[in-house]
Amino acid sequence: MSQLQPLIQLHQMAESLMNSQEMQFWLEKAVTWGQADSPDTQEDTCLHLSRLRDFLQQLLAHINNMSSTTETMKRLPFLGQFLGRLCWNPYVTADATSRRLLFQCLWGLYSEHPGNAVERKANQWIRKVFCQLATEEDDAAAQALMKHMGVPPEEYHLKVLRKMVALLQENIGKSCSSICNINQRCSCDRIKATSEACVPLITCPEAAPLIGVLLQQPVTCVRAALSEDFLDALSSAYSSQCLSLEEQAVVSLWYHNLSSLEEAVLSLLECVLANTGSMPQKLEQQLAQSLLPKACAQHCAIFLHVNDIFRSILKQAEGTESVKYLIQTFTSCFRRELVLLQHQTSVSLKALFPQSPQSLLVPLLTLPSEMPREAWRHHLNWLSGSLQRLTEEEEEGDGDSSSSTRGHHKLFEAWFLLVQCAQWVQVAVQLLVTSGPEDCGPLLWLLTFYHHPTNRGHHRALQLVHAREAWDHLHSLFLALARPLPADHLQSLVTLLSPQPQRPALSPLLILNLLVNFAVFFQQSLSGSTEILQTVVDWSGLVDEAVCVLNSLELRLNQGSCISSDTNRLHLRIKALQNTLTHRREALCPAENQAHALARSKTGVSAALFHPSCTCSEAPRGGVVRE
């Protein structure tokens, strides 16, 4: 009878809740069933399961009405022992409903923020119970049930795991929208408790549905936060490819866990920078596979964080064209995803680009294809003038340190936005082909600013002079009808493409963009344009880079961002120039290839720094790539 004493005390503490005879009956049954393993005990358990379920339902309601685990244990000090006896009884837990009610009672005792030793010990015990029920093969109760039922251990433990997952999944669907009664425990406590219980099950395929539900659970309450241990374990397993998640679960993981999001962005950057000579179209494919644009469109917070990463990288790699092109392509993909979700979400441009100069937001984020072609020049002249005023404000504030800091920040943000919306820079290059000397000033300034945004080490004014020189030489070359080509203009272009001692070099890609666009859009015969393009890129060693510019131009033509409406003629012209340069590259002997590689290194341009994209043999899930 001494063994029954603690359970009788439990009955006394719960007298106000339940009928005393009913409580006494079940306390005695819990002890009796645990003391014998005989056919009579098994039969008695089965006969009483229906009534036991009703009793557990009452007990669960009582637990949920308590304000804390401490209060529950104070009123029912031996509740844990009582539930424990039933949890380790294989004939009770074999019944799905009884098992579910037992689990719910245990989760009702779990404390999201344990405030004392009792609650911490209760949490530890509850986690242990679930982990053992799901994973242990040497449990005596489980062994007894397997022996009695003739079920193989693997099958038994798989069924236990599936039942556990189903129960946990059912539990987390009962979150609250608000706390109506301050004395009533919030049902959202189950969310964190369940996520902690999932930690040892992260890599089990059977737990994948539960993990997905947890990640996508709407946060309706401050108590509904997921466990940091759960998120860290999930991120680690996913990045090491030990876990497969659905697309939406990946997005939710990034939303809850910023370190996982940062890892995905940095891995994508590493992949882009490590691969050379890829087509621009492949970068868009890589971005789509990474899910990052889609995640940014769904969650403003994710976009702001990704943008901060790009902003930081751009500051460190200001002149790296691959980084600039990645940012531009990413922004383009993000905007397409945003359009697809317009009926689901409505986020203002100011919320998405809080640090950008507000006067430039709509003008830059408006796509060229969304505006009449005849309005492009006026639009670009306005953009150029607005950016010039910003640079003048920065230079005027250089004497005052605080004003200078604010000016530099504002100017950088304007340039960052221009990098994100660089399709307007490409339109400016196209318009320069058809501009006269009196019209090209604002467009050349915009193009120079894009490649040389500050005066610190860039000497913008001098670069603008060099850009005008390059335009003059190209204009003269493509106007020339007689042969041979003017050697002085050809040599001057190659000189501008090469760094000179004690003179800041103009970005080779600025000149190369102008050259390729002249070859495509200028009203010169195809043979004449091909001769000029091939001669300059051969002399400068920029054949690969010119092919990349043509590929990018072809992509923009498909997107409707080219000034001419005669797309068929332009496609044919681009294809002919691509074929000429490709055949020229293939015809080069190894020695010449080596010489051209040396020339590219001297000009500071590499195929790896222009429009690359990742060509990994296996596309990363969620943008995560790990060796």
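**Close-up views of a predicted, all-helical model**

**Figure 1. His 473 in helix H26.** In this predicted model, His 473 belongs to helix H26, which spans residues 460-479. The residue is buried, its relative accessible area being 15%; the threshold that applies here is under 20%. When neighbours within four places in sequence are left aside, the contacts of His 473 are His 489, Ser 492, Leu 493 and Leu 496.

**Figure 2. The protein chain as a whole, as context for the close-up views.** The secondary structure of the chain amounts to 32 helices and zero strands. Of the 627 residues in the protein chain, 53% are buried. Among contacts between residues at least 6 apart in sequence, 74% join residues that are at least 24 apart.

**Figure 3. The aromatic pair of Phe 303 and Phe 353.** The structure contains 14 aromatic pairs. In the pair formed by Phe 303 and Phe 353, the ring centres are 5.4 Å apart and the planes stand at 75 degrees, so the arrangement is edge-to-face. The assignment follows because planes over 60 degrees apart count as edge-to-face. Phe 303 is located in helix H18 (residues 300-316), whereas Phe 353 occupies the loop between helix H20 (349-352) and helix H21 (358-365); the pair therefore ties together parts that are 50 residues apart in sequence. Both Phe 303 and Phe 353 are buried.

**Figure 4. An aromatic cluster and the enclosed helix H5.** One aromatic cluster is formed by Trp 26, Trp 33, Phe 55 and Phe 82. Phe 82 is also one of the buried residues of H5. In helix H5 (residues 79-87), seven of the nine residues are buried, so the helix is largely enclosed by the rest of the structure. The buried residues of H5 are Leu 79, Gly 80, Phe 82, Leu 83, Gly 84, Leu 86 and Cys 87.

**Figure 5. Thr 41 and its surroundings in helix H3.** Thr 41 lies in helix H3, which covers residues 39-64. With a relative accessible area of 12%, Thr 41 is buried. Residues up to four places away in sequence not being counted, Thr 41 touches Trp 33 and Ala 36; Trp 33 is also one of the members of the aromatic cluster shown in the preceding view. Thr 41 and Tyr 91 are 50 residues apart along the chain, and their C-alpha atoms are separated by 9.5 Å.

**Figure 6. Two lysine side chains over aromatic rings.** Lys 315 is placed over the face of Phe 412, at 5.0 Å from the ring centre. The charged end of Lys 324 sits over the ring of Tyr 450, at 4.2 Å from the centre of that ring.

**Figure 7. The largest pocket and its lining.** The largest pocket holds about 670 Å³ of space. Its lining consists of 33 residues, of which Thr 331, Ser 332, Arg 335, Arg 336 and Leu 367 are the closest to the centre. Two or more lining residues come from each of helix H19 (321-340), H20, helix H24 (423-433) and helix H30 (543-558). Helix H19 supplies the largest share of the lining, 10 residues. By residue class, the lining divides into 13 nonpolar, 15 polar and five charged residues.

**Figure 8. Positive phi at Gln 241 and Leu 291.** Most residues other than glycine have a negative phi. Gln 241, which is not a glycine, has a positive phi near 60 degrees. This residue is found in the loop between helix H13 (228-239) and helix H14 (247-256). Gln 241 is partly exposed, with a relative accessible area of 46%. Leu 291 likewise is not a glycine, and its phi is positive, at about 70 degrees. Leu 291 lies in the loop between helix H16 (280-290) and helix H17 (292-298). Leu 291 is buried, with a relative accessible area of 8%.

**Figure 9. Asp 439 in the loop between H24 and helix H25.** Asp 439 is situated in the loop that separates H24 from helix H25 (441-451). Its relative accessibility of 35% places Asp 439 among the partly exposed residues. The C-alpha atoms of Asp 439 and Arg 377 are separated by 9.5 Å, while the two residues are 62 residues apart along the chain.

Technical notes: Residues numbered from 1 in each chain as written. Predicted model: local features only at pLDDT ≥ 70, side-chain atom pairs only at ≥ 80, totals over all residues. Heavy atoms only, no water. Phe/Tyr/Trp six-rings, centres within 6.5 Å; stacked < 30°, edge-to-face > 60°. Helix = DSSP H or I, 4+ residues; strand = E, 2+ residues; numbered from the N terminus. Buried < 20%, exposed > 50% of the residue type's maximum accessible area, 1.4 Å probe, protein only. Lys NZ or Arg CZ within 6 Å of the ring centre and 35° of its normal. Contact = heavy atoms within 4.5 Å. 1 Å grid on protein atoms, 1.4 Å probe; cavity = no way out; pocket = protein on both sides within 12 Å on 5 of 7 lines; lining within 4 Å. Points joined across faces, edges and corners; volume = space filled by probe spheres on them. Nonpolar A, V, L, I, M, F, W, Y, C, P; charged D, E, K, R; others polar.
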